[in-house]
Amino acid sequence: MSVQHRFDRKFCSHKFKSNGLKYEVGVCIQLGNIVCVNGPFRGGESDITIARQAVIGALDEDGMVEADGGYSGEDFYIKIPKDATTDEQRRIKTITRSCHETANNRLKIFGISRHKF
């Protein structure tokens, strides 16, 4: 059965210039395992807005998140690349983010985000 959907700007991802949904994937820094998946969210929703809705409230009192620059604005909970002040801190942050990119890459390789439901 074919279903027609109207174009809705709220679901438009400016990155991909198309409608879509976003999911937030949390990865354990120590092991590289996926520990949570939040979503779906509108394609046009910003990363920091999604984090405020889904992640920050779920953190323990002393919990923190390491993320990319799109999560700027919650300095107490989320550490981003520009927070690094030394070469060693930048190197560690790069290694940490690469662990998450590996998990994202595996989701793409297995076609997880291409399946239509």
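For this tour, Ala, Val, Leu, Ile, Met, Phe, Trp, Tyr, Cys and Pro count as nonpolar, Asp, Glu, Lys and Arg as charged, and the others, Gly among them, as polar. What you have open is a predicted model, where local features need pLDDT of at least 70 and side-chain atom pairs count only at pLDDT 80 or more, while totals for chains, interfaces and linings use all residues. Residues are numbered from 1 along each chain as its sequence is written, and side-chain values use heavy atoms, with hydrogens and water left out.

**Stop 1: the whole chain.** Switch to cartoon view and you'll find 2 helices and 6 strands. Helices here are DSSP runs of H or I with at least four residues, strands are runs of E with at least two, and both are numbered from the N terminus. Follow the chain along its sequence and the pattern reads β-β-β-β-α-β-β-α. Of the 117 residues, 22% count as buried; buried means under 20% relative accessible area, exposed over 50%, and partly exposed in between (1.4 Å probe, protein chains only).

**Stop 2: the largest pocket.** Select Lys22, Tyr23, Glu24, Val25 and Asn104. The largest pocket has a volume of about 2,100 Å³, and of its 49 lining residues, those five are the closest to its centre. Here's how a pocket is found: on a 1 Å grid over the protein atoms alone, it is an open set of points where a 1.4 Å probe fits, with protein on both sides within 12 Å along at least five of seven lines, and lining residues have an atom within 4 Å of a point. Grid points are joined across faces, edges and corners, and the volume is the space filled by probe spheres set on the points.

Which element gives the most to this lining? Colour α2 (87-109) and you have the answer: α2 supplies 8 residues. Others that each give at least two include β3 (21-27), β4 (34-42) and α1 (47-54). By type, the lining divides into 24 nonpolar, 13 polar and 12 charged residues.

**Stop 3: along β4.** Pick Asn38, which sits in strand β4. Is Asn38 buried or exposed? It counts as buried, because its relative accessibility is 18%. Show what surrounds Asn38: leaving aside neighbours within four places in sequence, it is in contact (heavy atoms within 4.5 Å) with Lys22, Tyr23, Glu24, Ala54 and Val55. Now move to Pro40, also placed in β4. A cis peptide bond joins Gly39 and Pro40, with omega at about 10°.

**Stop 4: a loop.** Gly44 is in the loop between β4 and α1, and is partly exposed at 39%. Draw a line from its C-alpha to that of Lys10: they are 34 residues apart in sequence and 5.7 Å apart in space. Beyond neighbours within four places, Gly44 is in contact with Lys10, Phe11, Cys12 and Ser13.

**Stop 5: the nonpolar core.** Select Ile48, Ala51, Ile56, Ala67, Tyr71, Ile78 and Ile80, the 7 residues of the largest nonpolar core. Such a core is a set of buried Ala, Val, Leu, Ile, Met, Phe, Trp, Tyr and Cys residues joined through side-chain atoms within 4.5 Å. Zoom in on Ala67: leaving aside neighbours within four places, its contacts are Ile78, Lys79, Ile80, Pro81 and Arg97.

**Stop 6: two rings.** Last, find the structure's 1 aromatic pair. The rings of Phe76 and Tyr77 have centres 5.1 Å apart and planes at 90°, so the pair is edge-to-face. Rings of Phe, Tyr and Trp (its six-membered ring) pair if their centres lie within 6.5 Å; planes under 30 degrees apart count as stacked, over 60 as edge-to-face and the rest as tilted. Phe76 is exposed at 59%, while Tyr77 is partly exposed at 26%.
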